[in-house]
Amino acid sequence: MPVVSLNEILVPAFKKRYGVGAFNIVDDLTMMAVLDAANNTKSPVIIQVSVKTVKFWGARLIQQTFTELASQRSIPATLHLDHCPDVSMIKTCLDAGWNSALFDASNLTYEENLRQTTEVVRYAKNLGAGVEGELEAVKGVEDGVGGDIEGELVPIDKCIEFIDATGIDCFAPAIGTAHGMYSKEPVINFDRVKEITERRPVPIVLHGGTGLSEDTFRHLIKNGCAKVNISTKLKMEFADGFRTYLEGKPKEYDPLKLLRAVHLDIQRMAVGFMNIFGSAGQA
């Protein structure tokens, strides 16, 4: 199936109230595993990439790999740049054919964030691409981006103003989640998601998905979280997959068997999330 836009993924998910997993891949193996999980469950999927990973592999190579792998499968998939505060990097990826990006200007003032996000949206729309917007920093560091403190909450009226003025395709508010692993049960602001979506029908993005309970996922998705980010769990499966296989078979030197084993670990993980999010069977 041809690659689709971010809106073609998120608009149906928001309307039907299921979540689409946005998995932060790190290479072709993890990308293939997530796409295979989506294909097997008939789920739409978002292949998400950090700035750190783009700098390692290159925007063009990632886009070409994604296009080739996605075209071999029968589910809708889109390629998204995660947490990028650098407008030039966003332009590099969008110019290379990426489908969307999160412009993370949460470190700026509200006025400057609004101004720059509006410019990014205008640039993206000219290329047929989408933009995710963010006002408040999500707690936790991920791939070198972020900090240990959640950004100060912006009043709902300002969030609505930001959504309307910028023309973003999806919005990532701070709701108590965090990047990385949770040391204790997070306090989730379910009402904040509900109030935003009741006032504006915009898909909400859930950051910090790793470690949340199934009930929390389902409650947030029901309230309008159509994009659900999974990064830390994929990295853990990737590293643990290699470690477990090599510890169990220390004298085996067949790289393809090793890669297949890790591929299956990541695929199983992604299938589990797709079933929880309700995206299985929606492609």
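1. A residue is called buried here when its relative accessible area is under 20%. Keep that cut-off at hand for the strands below, and bear in mind that this is a predicted model.

2. Let's begin with strand β5, residues 130-134. On one side it carries Gly130, Glu132 and Glu134, on the other Val131 and Gly133, and every one of these is buried, so both faces are covered. With 5 of its 5 residues buried, β5 is largely enclosed by the rest of the structure. For a biochemist's eye, the two glutamates, Glu132 and Glu134, are among the buried residues.

3. What joins β5 to strand β4? The two strands run parallel and are connected by 5 bridges, with β4 spanning residues 100-104. If you would like a place to start in the viewer, look for Ser100, which stands opposite Gly130 in β5.

4. Strand β4 is covered as well. Ser100, Leu102 and Asp104 point one way, while Ala101 and Phe103 point the other way, and all are buried. Because 5 of the 5 residues of β4 are buried, the strand is largely enclosed by the rest of the structure.

5. Strand β4 also pairs with β3, residues 77-84: these two run parallel and share 3 bridges. Here Cys84 is the residue that stands opposite Phe103 in β4.

6. Now for the helices. Helix α5 (residues 87-95) packs with helix α6 (residues 110-126) at an angle of about 15°, and their axes are 11 Å apart. Angles under 35 degrees count as roughly parallel, and α5 and α6 are therefore roughly parallel to each other. The crossing of α5 past α6 is right-handed. From α5, the residues in contact are Val87, Ile90, Lys91, Leu94 and Asp95; from α6, they are Gln116, Val120, Tyr123 and Ala124. Sorted by class, this contact holds 6 nonpolar, 1 polar and 2 charged residues.

7. How are helices α2 and α11 placed relative to each other? Helix α2 (residues 28-41) and helix α11 (residues 255-277) pack at about 45°, with 8 Å between their axes. The two are therefore oblique to each other, and α2 passes α11 in a right-handed crossing.

8. The contact itself is worth a look. Residues of α2 that take part include Leu29, Met32, Ala33 and Asp36, and among their partners in α11 are Leu259, His263, Ile266 and Met274. By class, the residues of this α2 and α11 contact divide into 12 nonpolar, 5 polar and 1 charged.

Technical notes: Residues numbered from 1 in each chain as written. Predicted model: local features only at pLDDT ≥ 70, side-chain atom pairs only at ≥ 80, totals over all residues. Heavy atoms only, no water. Axes fitted to C-alpha atoms, helices over the stretch in contact; angles between N-to-C directions. Helix = DSSP H or I, 4+ residues; strand = E, 2+ residues; numbered from the N terminus. Parallel < 35°, antiparallel > 145°, perpendicular 65-115°, else oblique. Left-handed = near helix turned anticlockwise from the far one by under 90°. Contact = heavy atoms within 4.5 Å. Nonpolar A, V, L, I, M, F, W, Y, C, P; charged D, E, K, R; others polar. Buried < 20%, exposed > 50% of the residue type's maximum accessible area, 1.4 Å probe, protein only. Pairing = 2+ DSSP bridges.
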